[in-house]
Amino acid sequence: MIAVIHALWLRELKRYMRSRVQIVAALGQPVLYLLALGFGLGPVFQKAGEGNYIQFVAPGIIAMTVLFSSVFSGMGLLWDRQFGFLRETLVAPVPRIQIMFGRTLGAATVATCQGMLVAVIAFLAGFRVSSPVALLAGIGVVLLIALLFSALGTAVGSALENMQGFQIVMNFVVMPLFFLSGALFPLTNLPLAMNIATRLDPFAYGVDALRTVLIGVTHFGLALDLAVLFVGTVILLWIGSRLFARIQV
Amino acid sequence: MGEVLSAMIVVVIEVQNLVKRFSTFTAVNDISFTVGKGEIFAFLGPNGAGKSTTIKMLTTLLRPDSGSLRIDGIDLATDPNEVRKRFGIVFQDPSLDGELTAEENMDIHGVFYHVPTKIRVERTSELLKLFGLWEKRKDIVKMFSGGMKRRLEIARAFLHTPKVLFLDEPTLGLDPQTRNQLWTLVKQINETDQVTVFLTTHYMDEADKVAQRIAIIDGGKIAAQGTSQELQAQTGKTSLEEAYLALTGSSIRDESANTSADQLKQMAKLWGGNRR
């Protein structure tokens, strides 16, 4: 059982390490957000009495990188469908839940690596964490976020039949998750509708958890954040495994 | 396992009243056949006859609309994973991971099929050498030519020894050397390990040479089945190719005579479908 999960996890990692161009390309967006927004909105943020915007936004951008990368890697299933490797995995005498777990763990690991690269860039841009322990806790939270959204990616990838649905998922699922999360702005004093929307966004709890452990600022409280991430992961893994088991090619 | 049909034959593949529809198109229309242990059985038929759809259902990739499928006595619908342990397959379409090396593709297959590491390493080197890929084992597969990819697919299928081997048009795009190697290997495992082989092909000569029994499938139905000689005798022809043409030709005539009403119904459904 472990051997199969390990083999599929390793496969995701190898594919990631071999696509250097993609790694760099995928860094473009977070770096732009970090620098343009970080330095662009910094003065306004400061004047509003909220403190250093780079400090505030860096955890949000790291979380964003993890969100995009997880969903993207999870949906790598669609590429496997396109290029045929999915067939090889689906005829293998391995419970499909193991295949789904291996892929999801691999996708989560890849997303965590990508998030850590952005953390390094944030450090170069002036972002500082309170202690080395905070950094370790941050990696733990990043892994949780990565697991949750890799499971989402795998679930969505299992339900879709081709790449056409990808753009719809990005625009109507992933982008709203991101923009309603408080990655870019504080969640305090929001209009009611926005307040409700942010509370319903599981990614908001991920961003909040990361901000809590990295810079000690919290909105929902770490206990609630971790509970949502954990329960969300379990639910999505369950849904994902059901959908994955139903795949026909 | 398997039910004993006559004195010596143990049934390994048992297909009963299999049906698969894709919206209004019936790809496989109520077919039944059995394949005995150690037999080489070929599905011959034109494009779109339902060959690949049948193989997909037999290999648990597609769920049938009705009918039953058993391999080695196990029902595919109730215990697909137990069935998957018993077969190997060479797909018609590519199924390699292009981002991995040839060796890594073999390794991951070995892990899937629980091949012990030592045997995996030995078999991998034997097979890659046999199919002329040993020097390229560390190369990323997406850089391979079409023929090399095809050879790797075939080498991979022989890494584990299944009870049943499915070959879906395995020689498509292969050079004569590789074709020859493939059939030698198929015959070898068939004889020494009693592996049952189910293959589909367009090539009469291959079916004639390799298969002990042949089913001719057309329009989702089995037009005839038997040994090459039986098919020739049945149609009064002197070669399998002539018999095949006689059979697939006549079945088309039969269908257009019998099913004009069905075709009208299908048209009606199609229009109904469009309105929604």
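Student: What makes strand β1 and strand β4 of chain B a pair?

Tutor: In this predicted model, two strands pair if DSSP finds at least two bridges between them. Five bridges join β1 (residues 11-22) to β4 (residues 66-71) of chain B, so the criterion of at least two is met. The two strands run antiparallel, and B:E14 stands opposite B:R70 in β4(B). Strands are DSSP runs of E with at least two residues, helices runs of H or I with at least four, numbered from the N terminus. Residues are numbered from 1 along each chain as its sequence is written, and chains are lettered from A and ligands numbered from 1 in the order in which they are written. As the model is predicted, local features need pLDDT of at least 70 and side-chain atom pairs count only at pLDDT 80 or more, while totals for chains, interfaces and linings use all residues.

Student: Why are β2 and β5 of chain B called edge strands?

Tutor: The open sheet has the order β2-β1-β4-β5 (chain B), with antiparallel pairing. Strands β2 (25-36) and β5 (74-75) of chain B each pair on one side only.

Student: What does helix α1 of chain B touch in the sheet?

Tutor: Helix α1 (residues 51-58) packs on the sheet through β1, β2 and β4 of chain B. A contact requires C-beta atoms, placed from the backbone, within 7 Å.

Student: Which helix of chain B has the lowest mean pLDDT?

Tutor: The predictor's confidence in each residue, pLDDT, runs from 0 to 100. Helix α10 (residues 260-275) of chain B has the lowest mean among the elements of that chain, 46. Over residues 251-262 of chain B the pLDDT is below 50. Where pLDDT is low, the predicted coordinates should not be read in detail.

Definitions and conventions
Contact = placed C-beta atoms within 7 Å. Axes fitted to C-alpha atoms, helices over the stretch in contact; angles between N-to-C directions.
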